[in-house]
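Thanks for coming. I will go through one model this morning, from the whole chain down to single residues.

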Amino acid sequence: MVEIIHATDLDCSPLGLSDGDIVLGTHSEPSDRSRQVYWTWTPEDPDHIHALDFEPTPVHGGCMNAAGVIAVIHGTGEHPEGTVLDVDGRSRQLEIPAGMGEPSLTAMNTSGEVCGSLSINLDFSDSDRSRPAFWDSNGKVHIMTALAVGTSGRSVDLTDDGIVLVWESYGVLGSAVTLWNPRTGGVSQVPGAIIPTARAESGEILGFNRENGRDVAVMSRDCQEWSDLPLNNGFAPASLNTILTIVGNVRSDGYTNGWLLRRGENHPNLLPTFRYHNTRPRHINAKGSIAGHLSTDNEQHVVLWTPST
């Protein structure tokens, strides 16, 4: 386990991980905790993080694809902006229509397409204003305004074929999984009241349902049936990679612990951590490196686990 950043009385978080172990992250500005600074970390320069050329921003969020292309949200709440930074230094803007806002970015595929969410109005009393959004490689936005069954929804993941994994919600606990093709407008539902967390390039969907208040990790391999994973209740899945290695977290002895489950194994392995810290793995790349977040009441860390550690 490699510590990338250690913040005291500040916030920090990993936002993305490339296949080359480049980490995209943020930390809050010391003089104003509501404003975030974007940075990257590389294994070639492990003792330093490198700030991106954006002003500290009160609106934030981002993602990174396997090749290291970055997308971030910046600007202000009244005028949010989305920017993609290619590895060759070029940049392009993500369209945010007038009258919409609160953008979030969750995933980017190898073509540089991005999925996330937008509020279709700026009425903060409307709790159902969130909709899945997709930006093509030119930055043009497509919005899933008509949901299949939910009253609000957000994008969870995006595969190289341009299909967006959508979590729709309704009522207090209602959940549904939808696959959305932004180019054709095609929508297909996956049966079951599941909260999705990731989709593999080969089509498997990772998610969980709630059983007696405890998360039950499940996977669908055919977009029709869900199978329980070999995990006890409470092992919440976060993400998976191309070879279906799964990471997540579980609450035990008063702390949240990170775990890893390899394909074909029947028991998860706990990830190394610091004593008395809550541990949450967030991203896993093709070779099995994991970027995650560790925290106590007043300390936070961004760390990288590699298969050798």
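The secondary structure is strands: there are 28 of them, and zero helices. Please keep in mind that this is a predicted model.

Overall dimensions next. The chain has 309 residues, and for that number a compact globule would have a radius of gyration near 19 Å; the value here is 19 Å, so the two agree. The C-alpha trace spans about 45 × 45 × 35 Å along its principal axes. The accessible surface comes to about 14,100 Å², and carbon and sulfur atoms account for 47% of that. As for burial, 52% of the 309 residues count as buried. If you take contacts between residues at least 6 apart in sequence, 38% of them join residues at least 24 apart.

A word on charge. The protein has 20 positive and 38 negative charges, and the mean positions of the two sets are 4 Å apart.

Now the interior. In soluble globular proteins, nonpolar side chains tend to be buried together. Here the largest nonpolar core has 23 residues, and the ones with the most contacts inside that core are Leu-24, Tyr-38, Ala-71, Leu-105, Val-114 and Trp-135. Which strands supply at least two residues each? Among them are S6, at 62–64, S7, at 70–75, and S10, at 101–108. S11, at 114–119, and S12, at 130–135, also do so. The largest share, four residues, comes from S7.

Val-114 is a useful place to look at how this core is put together. Leaving out residues up to four places away in sequence, Val-114 touches Cys-63, Ala-71, Val-84, Leu-105, Ala-107, Met-108, Ala-133, Phe-134, Trp-135 and Leu-158. Apart from that core lies another one, of 14 residues, including Ala-200, Ala-217, Leu-229 and Trp-259.

On to the backbone. Most residues other than glycine have a negative phi. Two residues are worth pointing out in that respect. Glu-102 has a positive phi, near 50°, and lies in strand S10. Cys-223 also has a positive phi, near 60°, but its place is in the loop between strand S20, 214–220, and strand S21, 227–228.

Are these two buried or exposed? Glu-102 has a relative accessible area of 36%, so this residue is partly exposed. Cys-223 is at 17% relative accessibility, and therefore counts as buried, the cut-off being under 20%.

Last, two residues towards the start of the chain. Ser-28 sits in strand S3, residues 23–29. Why does Ser-28 count as buried? Because its relative accessibility is 0%. Not counting residues up to four places away in sequence, Ser-28 touches Leu-10, Asp-11, Arg-33, Arg-35 and Gln-36.

Asp-32 is found in strand S4, residues 32–41. With a relative accessible area of 28%, Asp-32 is partly exposed. Its C-alpha atom is separated by 9.2 Å from that of Pro-56, which is 24 residues away along the chain.

To go back over the main points: zero helices and 28 strands, a largest nonpolar core of 23 residues, and another core of 14 residues lying apart from it. The two positive phi values I showed belong to Glu-102 and Cys-223. That is what I had.

Technical notes
Residues are numbered from 1 along each chain as its sequence is written. This is a predicted model: local features need pLDDT of at least 70, side-chain atom pairs count only at pLDDT 80 or more; totals for chains, interfaces and linings use all residues. Side-chain values use heavy atoms; hydrogens and water are left out. A nonpolar core is a set of buried Ala, Val, Leu, Ile, Met, Phe, Trp, Tyr and Cys residues joined through side-chain atoms within 4.5 Å. Buried means under 20% relative accessible area, exposed over 50%, partly exposed in between (1.4 Å probe, protein chains only). Contact means heavy atoms within 4.5 Å. The radius of gyration is taken over C-alpha atoms; the globule rule is 2.2 Å times the number of residues to the power 0.38. Accessible areas come from the Shrake-Rupley method with a 1.4 Å probe; for residues, only the protein chains shown count as cover. Lys and Arg count as positive and Asp and Glu as negative; His and the chain ends are not counted. The place of a charge is taken as NZ of Lys, CZ of Arg, CG of Asp or CD of Glu.
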